[in-house]
Amino acid sequence: MHLRPRLPVYLRPAYLLLGWTLLNLLQAGLTPLDPDETYYWMYAGDLAWGYFDHPPAVALTVALGRDWLPGALGLRLGTVLVSAATVTALYYLLDRPRGRRLLLAASLVFAQPFLHVYGFIATPDGPLLLFTVLYLLGLRSFLRAPSWGSGLLWGLTMAGLLYTKYHGVLLIAFTVLPHLWYLLRRPAAWGAVVLGALLYVPHLYWQYAHDWPSFRYHLGGRDDVYQLKYTTQYLLNQLLVFSPFLLYYYGRAFWRSSATDGFVRSCRWLIVGLIVFFLFMTSKGSTEAHWTALLSVPLVYLTYHELLRHPTGRGTLLRLCWITGGILLLARLLLMAPREWLPFAKPFDHAPWVERLHEIAGDEPVIVENSYRLASLYEFYCGRPAWTFTDVAYRNNQYGLWERDSVFQGRTVWLLGQGNWKNPAAREFHPQKGTMRLERVEDFQVAWRVELLPELELPAELAAGDSVALTVRAYAPYPIDLDSELPLDLFAIAWDERGEKDYWKLGPLATTTTLPRNDTTLLYRGLLTIPDTVPTGKVELTFGLGYRGMPPLRGQSEAYGCYLYR
């Protein structure tokens with residue numbers, strides 16, 4: 001009798017999971033940090049129900065190791081644990097394969113680029129992948145047996161999914177759509193929705209208490225002029241997300257999968273819906289490759305079950321999975337290698353410039369213009385205080401919501417400005433990329449907390465060269481010296497419908513000395529004259545203070561709308 005060869009003893013679920021976890025732990029400790037990871041490390045130091053850019057799951061993940069393990073390993077420990085939980089949940093989604101089925105499942109998982117990436121890099125996408133699998137487990141359970149118990153479990157996973165990233169709502173929508181009429185008639189499905197919504201209330205209340213910053217940011221909309229490269233880059237990025245070697249097998253699994261299986265239909269709707277949705281978004285601007293990374297889960301599920309039903313080509317697929325996994329493993333080894341061993345600049349290697357800046361600044365704080373990434377990197381690597389502020393040349397971020405920056409008022413700081421800072425006294429400084437300008441500032445003024453209170457009556461239409469009467473008062477939470485070592489100027493800012501801006505200085509000011517604490521002071525009274533450089537069309541006018549040689553600060557006044565023409 002012919003006996004099939006026994007599989008290696010290490011091909012057991014526990015051993016594979018242990019090997020995956022050990023690899024990720026090693027990678028987490030030896031790979032330099034991406035700047036966004038240190039930004040989330042700052043999140044984790046101030047746990048809350050929400051943050052400007054994301055829901056709180058990433059902060060909680062980083063907090064698991066932040067305060068008791070040193071360096072990158074402490075920051076990423078939670079991500080490694082989340083990755084182990086993701087692979088475990090995926091094992092259950094694939095119905096706990098054994099033997100040769102386990103070899104097939106493990107090979108498919110090993111070939112998923114973003115399961116590798118989010119196995120050690122701390123981003124919101126790690127928890128998103130975990131709750132994608134948990135949500136799909138909950139949905140499948142409910143579709144098979146729509147009871148109150150399975151409904152409540154499904155509702156828990158809905159809430160968990162939305163606490164990871166906001167586009168988790170797309171996953172829910174696209175998987176529910178093929179069963180919408182069926183689910184509407186199931187009281188337990190309504191129970192799932194109600195439970196998920198109730199569990200999400202703390203985050204919604206946080207948004208309400210902070211004037212909906214995340215929703216304003218993500219739903220503010222972009223309307224860039226369409227460029228073909230947005231679409232081509234998006235399509236090419238999908239090859240990186242899902243591996244070009246496996247696309248044929250994904251397509252075959254998609255088309256051959258059973259249309260009578262309700263859960264399979266949900267997976268197919270999710271794949272098509274998410275890809276088409278972000279394809280459409282390329283009409284409004286560029287997209288990020290990782291936005292579709294969660295589709296790794298339904299693609300693995302469909303491909304695995306297709307090969308169980310039709311094993312033709314399984315050997316070829318396994319070899320392609322191992323080739324893909326080998327390439328990914330080689331890339332991971334290069335990320336771990338010491339910088340001296342590499343013939344090229346090591347990615348994410350920010351420690352050298354942080355050390356150089358720390359040698360210059362010593363124990364004095366560093367304030368960075370328009371880069372929450374560099375500010376958080378500096379504080380993480382050298383353990384000294386750092387902060388950032390945002391002017392109209394950059395976007396808002398979590399630092400604008402934190403109110404701990406008053407400690408820098410009146411102190412000596414090192415101001416790290418962007419390369420276009422018009423300050424001849426500042427020296428050049430080179431972080432990992434680009435050129436910035438650095439100057440030591442005594443008696444630094446934290447001006448971004450000043451609220452400007454304009455008084456003007458804008459007509460419905462204005463032309464270049466027109467003038468209107470303007471009064472601007474300023475409310476300062478602490479004394480602000482307008483004529484310190486780094487003087488402050490007042491600007492008018494015009495924003496068009498696409499977010500483009502033009503700004504110009506107003507003057508002379510009614511006072512050039514100090515804005516008193518907790519008081520409203522007349523800052524400017526005169527004319528607001530529209531320059532020729534302002535774009536025509538619908539615009540919003542705002543006002544902001546600006547450090548000498550820099551653009552005006554963002555978000556210091558309310559907006560006034562009008563139509564500009566020539």
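Strands here are DSSP runs of at least two residues, numbered from the N terminus. By that convention, in this predicted model, Ser484 sits in the loop that links strand E9 (480-481) with strand E10 (488-496). Ser484 has a relative accessibility of 11%, and since buried means under 20%, Ser484 counts as buried. Leaving aside residues up to four places away in sequence, Ser484 touches Asp443 and Gln445.

Strand E10, which closes that loop, also belongs to a sheet that deserves a closer look. The sheet is open, has 5 strands in the order E7-E15-E14-E10-E11, and shows mixed pairing. Its edges are formed by strand E7 (461-463) and strand E11 (501-506); each has a single partner strand, so one side of each lacks a neighbour in the sheet. On average, and with direction ignored, neighbouring strands of this sheet are turned by 40° against each other.

How do the strands pair within this arrangement? In general, strands of a sheet pair through backbone hydrogen bonds, in either a parallel or an antiparallel manner. Strand E14 (residues 537-547) and strand E15 (residues 560-565) run antiparallel and are joined by 5 bridges. Among the residue pairs, Gly537 has Leu564 in E15 as its bridge partner, while Leu541 is partnered by Tyr560 of E15. E7 and E15, by contrast, run parallel, with 3 bridges between them. Here Glu461 stands opposite Tyr563 in E15.

Strand E15 also offers a neat view of the two faces of the sheet. Side chains of a regular strand alternate between the two faces of the sheet. Along E15, Tyr560, Cys562 and Leu564 point to one face and are buried, whereas Gly561, Tyr563 and Tyr565 point to the other and are not buried. Two of the bridge partners named above thus come from the buried set: Leu564, the partner of Gly537, and Tyr560, the partner of Leu541.

Turning to the helices, two packed helices are described by the angle between their axes and the distance between the axes. For helix H1 (residues 13-30) and helix H17 (residues 314-336), the axes come within 9 Å and cross at roughly 35°, and the crossing is left-handed. On the H1 side, the contact is made by Trp20, Leu23, Asn24, Leu26, Gln27 and Leu30; H17 contributes Leu329, Arg332, Leu335 and Met336. By class, this contact of H1 with H17 holds 7 nonpolar, 2 polar and 1 charged residues.

A second helix pair is formed by helix H7 (residues 125-144) and helix H9 (residues 168-176), whose axes come within 11 Å and cross at roughly 25°. Angles under 35 degrees count as roughly parallel, which makes H7 roughly parallel to H9. The crossing of H7 and H9 is right-handed. Thr132, Tyr135, Leu136 and Leu139 of H7 meet Leu171, Ile172, Thr175 and Val176 of H9 in this contact. The contact of H7 with H9 comprises 6 nonpolar and 2 polar residues, with no charged ones.

H17 appears again around helix H14 (residues 247-256). The buried residues of H14 are Tyr249, Tyr250, Arg252, Ala253 and Phe254. What covers them includes helix H13 (228-242), helix H15 (262-281), helix H16 (296-309) and H17.

Several loops carry backbone features that are worth a check in the structure above. Phe348 is found in the loop between H17 and helix H18 (351-361). Phi of Phe348 is near 60°, a positive value in a residue other than glycine, and Phe348 is partly exposed at a relative accessible area of 29%. Asn518 likewise has a positive phi, near 50°, again in a residue other than glycine. Asn518 lies in the loop between E12 and strand E13 (519-529), and its relative accessibility of 45% makes Asn518 partly exposed. Finally, a cis peptide bond joins Gly507 and Pro508, with omega at about 0°. Pro508 is placed in the loop between E11 and strand E12 (514-515), and E11 is one of the two edge strands of the sheet described above.

Notes: Residues numbered from 1 in each chain as written. Predicted model: local features only at pLDDT ≥ 70, side-chain atom pairs only at ≥ 80, totals over all residues. Heavy atoms only, no water. Axes fitted to C-alpha atoms, helices over the stretch in contact; angles between N-to-C directions. Helix = DSSP H or I, 4+ residues; strand = E, 2+ residues; numbered from the N terminus. Parallel < 35°, antiparallel > 145°, perpendicular 65-115°, else oblique. Left-handed = near helix turned anticlockwise from the far one by under 90°. Contact = heavy atoms within 4.5 Å. Nonpolar A, V, L, I, M, F, W, Y, C, P; charged D, E, K, R; others polar. Pairing = 2+ DSSP bridges. Buried < 20%, exposed > 50% of the residue type's maximum accessible area, 1.4 Å probe, protein only.
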